[in-house]
Amino acid sequence: MKRFIMVIALAMLGVMCNAAESIFLPAGAFQLATGNPSLVSWQKGAVSLPVWSLSGGTVGQSVAAVTPPLPNDCKAVSVAIGIVTSDNTTASTFSDVYRVHLSQLAYGKSVGYGETEGKPIRTALPDAPFILRWIVLETYCIVEPGLPLTVKIQRLPDDPGDTFTRPTGLVFVTVTPLAAAPTGFIVQDKGGYNSWPMMQAVGDKLVCAYSRGKGHNISEGIRGVYARTSADGGKSWMQEVCVADDPAYGEVTIGKGLDADGAMLLWIRCYGGPQPHHDLYRTVDGVTFTRVATPTLSPLPMQITDIIRVPSVGLMALWFAGDYGDNMNASWGVLTSADNGQTWTQRTVEANLAKRDWPTEPSAVYLGNGKILAIARTESGGDSTASQFQLTSTDNGLTWQKAKTNIRDVMASTPSLIFDPESGLLANYYYERGRGVIRRRVVKAAAIFDHPQDWPLSEAVGIGSQSPWDSGNVNATAIGRKHYLSYYSGKDPDTAVLVLPVE
């Protein structure tokens with residue numbers, strides 16, 4: 001027990017030393033918020049530890065505390081909890097789930113001002129009781145500076161990821177004030193719904209292609225595809241060029257990549273007209289675009305995603321098809337081209353999927369030795385099972401494995417991957433819609449390939465609009481070791497395309 005108390009003391013000291021401005025809230029600072037949790041002392045030998053006992057079977061229990069006013073330069077917070085168990089059945093075969101609710105009150109504002117409900121966070125238990133777990137519930141949540149913050153902690157025993165039926169003990173909570181994340185340079189903010197950008201480095205230049213219409217509508221005939229080029233890392237952009245604008249179709253950028261000669265390839269979805277289809281365009285300078293293919297595909301994909309090059313195969317892009325309903329008609333698969341994009345062969349990997357099992361808008365990278373890793377977004381939400389998918393292949397894309405990851409700070413979050421062969425590092429960028437946070441997770445590709453539940457915590461690299469649908473869709477490219485992220489942000493009917501450089 002002495003070792004246990006020492007671990008907690010060191011954890012508290014770490015909060016004070018490593019993040020001097022962190023706010024430490026011990027169990028005694030909390031009060032009952034909902035249900036009937038109890039503040040008790042768990043005894044081990046001669047030592048008593050005050051904890052809030054949170055049931056593993058009773059739903060609706062939570063406790064809350066209020067912080068002092070946040071610093072005036074605080075633009076966001078991270079939140080972590082310290083959890084222990086006392087039951088001898090504690091084992092890593094079990095997991096539990098927690099959620100934080102954050103809210104602020106200001107003079108003259110109604111109750112609920114600035115209220116944010118966190119995502120359910122699931123973690124495995126240790127293999128013995130009285131081992132402190134430090135669980136991060138929020139890595140970056142935007143807040144109002146200068147105001148107190150109400151922190152409500154809730155256990156979710158009814159979540160499918162909470163399999164431990166015994167009580168757990170809340171020992172403390174830490175709230176760490178954070179500075180504002182940056183915003184990007186504007187690529188295009190011309191009046192209208194500028195959205196869904198795709199960006200590719202061509203040599204030392206950035207080519208950003210995007211779609212513009214009147215609203216969040218992929219089929220409107222007025223919607224077309226445009227592009228701009230930057231030679232200074234996104235700070236300034238050449239005059240806009242029109243890539244495709246057939247009034248019979250709504251054209252949308254859906255995927256990009258490089259062909260074997262280093263030219264940019266761009267997939268454009270053409271929906272709303274008499275014959276929905278996908279066109280592939282090619283450009284060497286970001287100014288002149290030439291259509292090189294219009295493949296006949298069945299099923300017709302909702303989207304064809306970024307193009308990668310795979311030795312012995314040629315060009316490859318993943319696709320997915322479905323109508324986002326719960327009717328078991330969703331599918332996904334692979335497109336390959338052995339002639340540098342002139343013709344394409346379609347293959348289905350999975351069909352007749354429920355929406356919850358459907359990996360959409362995947363981003364893939366080739367790792368070498370026949371290995372491909374892709375991350376895909378989920379169209380489901382609500383509980384701790386809602387997470388990005390990881391798709392892997394060890395035979396150049398012939399067969400695939402699909403698994404859920406531990407990446408759960410998502411909402412219709414389209415991933416974009418960049419792999420650095422020299423360092424072996426894999427970066428996963430995505431936009432948490434509704435929060436307005438551009439997130440990144442960086443990991444060794446070799447370490448994560450067979451361990452999709454081991455992705456490290458996310459970090460906030462940028463911010464945008466908190467509108468749930470009028471922002472998002474990060475698409476990344478690299479020039480050397482520097483990454484460039486395109487995304488869109490705003491509020492219907494006016495949104496802008498931006499680019500954010502990231503070291």
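## Exercises on a four-stranded sheet

In this predicted model, Y430 has R439 in β32 as its bridge partner. Residues are numbered from 1 along each chain as its sequence is written. Local features need pLDDT of at least 70 in this predicted model.

**Exercise 1.** Find which strand Y430's partner sits in, and how many bridges join β31 to β32.

*Solution.* Start with the vocabulary: strands are DSSP runs (E, at least two residues), numbered from the N terminus. Two strands pair if DSSP finds at least two bridges between them. Now look at the pair: R439, the partner of Y430, is in β32. Eight bridges link β31 (residues 425-432) with β32 (residues 437-444), and the two run antiparallel. Another match to spot is L426, opposite V443 in β32. Finally, the turn: four residues lie between these two strands in their hairpin, where G434 has a positive phi near 85 degrees.

**Exercise 2.** Work out how β30 is joined to β31.

*Solution.* Count first: five bridges hold the pair, in the antiparallel sense. Then pick a residue: L417 has N428 in β31 as its bridge partner. Last, follow the chain: this hairpin has four residues between its strands, and G424 in the turn shows a positive phi of about 80 degrees.

**Exercise 3.** Which strands stand at the edges of the sheet?

*Solution.* Write down the order: β30-β31-β32-β33, an open sheet with antiparallel pairing. β30 (416-420) and β33 (459-463) are the edge strands, each with a single partner, so one side of each has no neighbour in the sheet. As for β31, seven of its eight residues are buried (under 20% relative accessible area, 1.4 Å probe, protein chains only), so the rest of the structure largely encloses β31.

How values were computed. This is a predicted model: local features need pLDDT of at least 70, side-chain atom pairs count only at pLDDT 80 or more; totals for chains, interfaces and linings use all residues. Side-chain values use heavy atoms; hydrogens and water are left out. Buried means under 20% relative accessible area, exposed over 50%, partly exposed in between (1.4 Å probe, protein chains only).
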